[in-house]
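Open the structure in your viewer and keep the sequence panel visible. The tour below goes from one selection to the next.

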Amino acid sequence: MAITMTEAAQAHIRGQLEKRGKGVGIRVGVKTAGCSGLSYVLEFVDAVSAEDMVFEQNGVKLVVDPKSLVYLDGTELDFVKEGLNEGFAFSNPNVKNECGCGESFHV
């Protein structure tokens, strides 16, 4: 089981952690929300729990709890800029369908 990041995602996360001045990485998870059932959650991580899985690329760490990993296995995290908009994009092979606005998904 694994989650990967593009170079753009790694650079953005590294920059955000530097601006913040603390933290070991970013937690990626899922929560029940939206019209399709699940949505992604991202937050800074200051301490890793014993049950967490840590995926590291070029010194950048993604931290995932075991319950979320079931839904995120094989996902690639990217950071994209389109015009004035920018943000993280998830390429998740487990997604069966998404809501029309793209905010939630179902596996």
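How many salt bridges does the structure hold? The model, which is predicted, holds four salt bridges. Three of them are stops on this tour, after a look at the whole chain.

**The whole chain**

Show the chain as a cartoon. Two helices and nine strands should appear. Followed along the sequence, they come in the pattern β-α-β-β-β-β-α-β-β-β-β. The chain has 107 residues, of which 31% count as buried. Switch to a surface view: about 6400 Å² is exposed, and carbon and sulfur atoms supply 48% of that area. Of the contacts between residues at least 6 apart in sequence, 52% join residues at least 24 apart.

**Salt bridges**

Select Arg-20 and Asp-46. They form a salt bridge, with 2.7 Å between the closest N and O atoms. Arg-20 belongs to helix α1, while Asp-46 sits in the loop between β3 (37-45) and β4, so this pair ties together parts that are 26 residues apart in sequence. Arg-20 counts as partly exposed, at 30% relative accessibility. Asp-46 is partly exposed as well, with a relative accessible area of 44%.

Next, select Arg-27 and Glu-43. Here the closest N and O atoms of the salt bridge are 3.7 Å apart. Arg-27 is in strand β2 and Glu-43 is in strand β3, so the bridge ties together parts that are 16 residues apart in sequence. Is Arg-27 buried or exposed? Arg-27 is buried, because its relative accessible area of 17% falls under the 20% limit. Its partner Glu-43 counts as partly exposed, at 40% relative accessibility.

Now select Lys-81 and Glu-86. In this salt bridge the closest N and O atoms are 4.0 Å apart. Both residues are exposed: Glu-86 has a relative accessible area of 52%, and Lys-81 has one of 63%. Before leaving the salt bridges, add Asp-52 to a selection of Arg-27 and Glu-43. These residues are joined into one network by salt bridges that share partners.

**The nonpolar core**

Hide the surface and select Ile-3, Met-5, Ile-13, Leu-62 and Val-64. In the largest nonpolar core, which has 16 residues, these touch the most other members. The elements that give two or more residues to this core are α1 (7-20), β2 (25-33), β5 (60-64), α2 (66-72) and β6 (76-82). Colour those segments to follow where the core draws its members from.

Centre on Met-5. Which residues does Met-5 touch, leaving out those up to four places away in sequence? They are Gln-10, Ile-13, Phe-55, Gln-57, Val-60, Leu-62 and Leu-77. Two of these contacts, Ile-13 and Leu-62, are also among the core residues selected above.

**Ser-68**

Select Ser-68, which is found in helix α2. With a relative accessible area of 3%, Ser-68 is buried. Show its surroundings: not counting residues up to four places away in sequence, Ser-68 touches Val-28, Gly-29 and Val-30. Then draw a distance to Val-30. A polar atom of the Ser-68 side chain lies 3.2 Å from the backbone nitrogen of Val-30.

**A nonpolar patch on the surface**

Bring the surface back and select Val-24, Val-48 and Val-54. Together they make a nonpolar surface patch of about 190 Å². Stay on Val-54, whose place is in strand β4 (residues 53-57). Val-54 is partly exposed, with a relative accessible area of 37%.

**Ala-89**

The last selection is Ala-89, in strand β7 (residues 85-91). Ala-89 is partly exposed, and its relative accessible area is 26%. Which residues does Ala-89 touch, not counting those up to four places away in sequence? Its contacts are Glu-76, Leu-77, Asp-78 and Val-80. Finally, draw a line between the C-alpha atoms of Ala-89 and Tyr-40: these residues are 49 apart along the chain, and the two atoms are separated by 10.0 Å.

Methods. Residues numbered from 1 in each chain as written. Predicted model: local features only at pLDDT ≥ 70, side-chain atom pairs only at ≥ 80, totals over all residues. Heavy atoms only, no water. Patch = residues over 30% accessible without salt bridge, like charges linked within 9 Å, V, L, I, M, F, W, Y side chains within 5 Å. Areas by Shrake-Rupley, 256 points an atom, 1.4 Å probe, with all protein chains shown as cover. Salt bridge = Lys/Arg side-chain N within 4 Å of Asp/Glu carboxyl O. Helix = DSSP H or I, 4+ residues; strand = E, 2+ residues; numbered from the N terminus. Buried < 20%, exposed > 50% of the residue type's maximum accessible area, 1.4 Å probe, protein only. Core = buried A, V, L, I, M, F, W, Y, C linked by side-chain atoms within 4.5 Å. Contact = heavy atoms within 4.5 Å. Polar contact = N/O pair within 3.5 Å; in protein donor to acceptor, adjacent residues only side chain to side chain.
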